[in-house]
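User: I would like to work through the fold of this protein step by step, starting from its interior. Please take the questions one at a time.

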Amino acid sequence: MKKIEAIIKPFKLDDVVDALSEVGVEGVSVTEIRGFGRQKGRTEVYKGAEYVVDFLPKVKLEAVVPDGICAAAVEAIRKAAHTGKIGDGKIFVSEIESVLRIRTGEKNEEAL
């Protein structure tokens with residue numbers, strides 16, 4: 001099993017969730033976050049005053065998937081989140097040792 005974490009632009013969330021559903025991902029957790037990467041924030045003008053926004057709004061998706069659909073899920077996220085502009089985000093994949101569904105006691109892939 002693999003855990004996929006993706007940090008994307010907020011307006012791409014629906015596209016990414018739809019793409020993940022199409023490849024068989026059954027569950028996703030979403031967190032609103034703020035951060036910056038290479039773009040280092042941006043400069044805004046408000047009421048004539050210029051100020052720097054250090055942390056940009058982003059969305060973090062997390063999904064644990066069977067090994068067999070991991071590559072398809074990563075590619076689905078990449079395609080759906082892509083705008084071609086700076087700040088499109090990142091995808092991280094890590095190994096999951098075990099999963100336990102609290103309600104039923106199911107373990108590992110049965111718990112997904």
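User: Which residues of the largest nonpolar core touch the most other members?

Analyst: The model is a predicted one, and its largest nonpolar core holds 18 residues. Two or more of these residues are given by each of β1, α1, β5 and α2. Within this core, the residues that touch the most other members are Ile8, Val16, Leu20 and Leu61.

User: Which element gives the largest share of this core?

Analyst: Among the elements that give two or more residues to the core are two helices, α1 and α2. The largest share amounts to six residues, and the element from which they come is α2.

User: Which residues does leucine 20 touch, not counting residues up to four places away in sequence?

Analyst: Leucine 20 is one of the core residues that touch the most other members, and Leu61, another of those residues, is also among its contacts. With residues up to four places away in sequence set aside, leucine 20 touches Val25, Val28, Leu61, Ala73 and Ile77.

User: In what order do the four strands of the open sheet lie?

Analyst: The pairing in this sheet is antiparallel, and the edge strands, each of which pairs on one side only, are β2 (29-35) and β6 (89-95). Strand β2 pairs with β5 (residues 56-65) over seven bridges, with valine 30 standing opposite leucine 61 in β5. The order of the strands is therefore β2-β5-β1-β6.

User: Which strands does helix α2 touch where it packs on the sheet?

Analyst: Helix α2 spans residues 67-81, and its direction makes about 5 degrees with that of β1. The strands that helix α2 touches are β1, β5 and β6.

Methods: Residues are numbered from 1 along each chain as its sequence is written. This is a predicted model: local features need pLDDT of at least 70, side-chain atom pairs count only at pLDDT 80 or more; totals for chains, interfaces and linings use all residues. Side-chain values use heavy atoms; hydrogens and water are left out. Two strands pair if DSSP finds at least two bridges between them. Contact means heavy atoms within 4.5 Å. Axes are lines fitted to C-alpha atoms, for helices over the stretch in contact, and angles run from 0 to 180 degrees between N-to-C directions. A nonpolar core is a set of buried Ala, Val, Leu, Ile, Met, Phe, Trp, Tyr and Cys residues joined through side-chain atoms within 4.5 Å. Buried means under 20% relative accessible area, exposed over 50%, partly exposed in between (1.4 Å probe, protein chains only).
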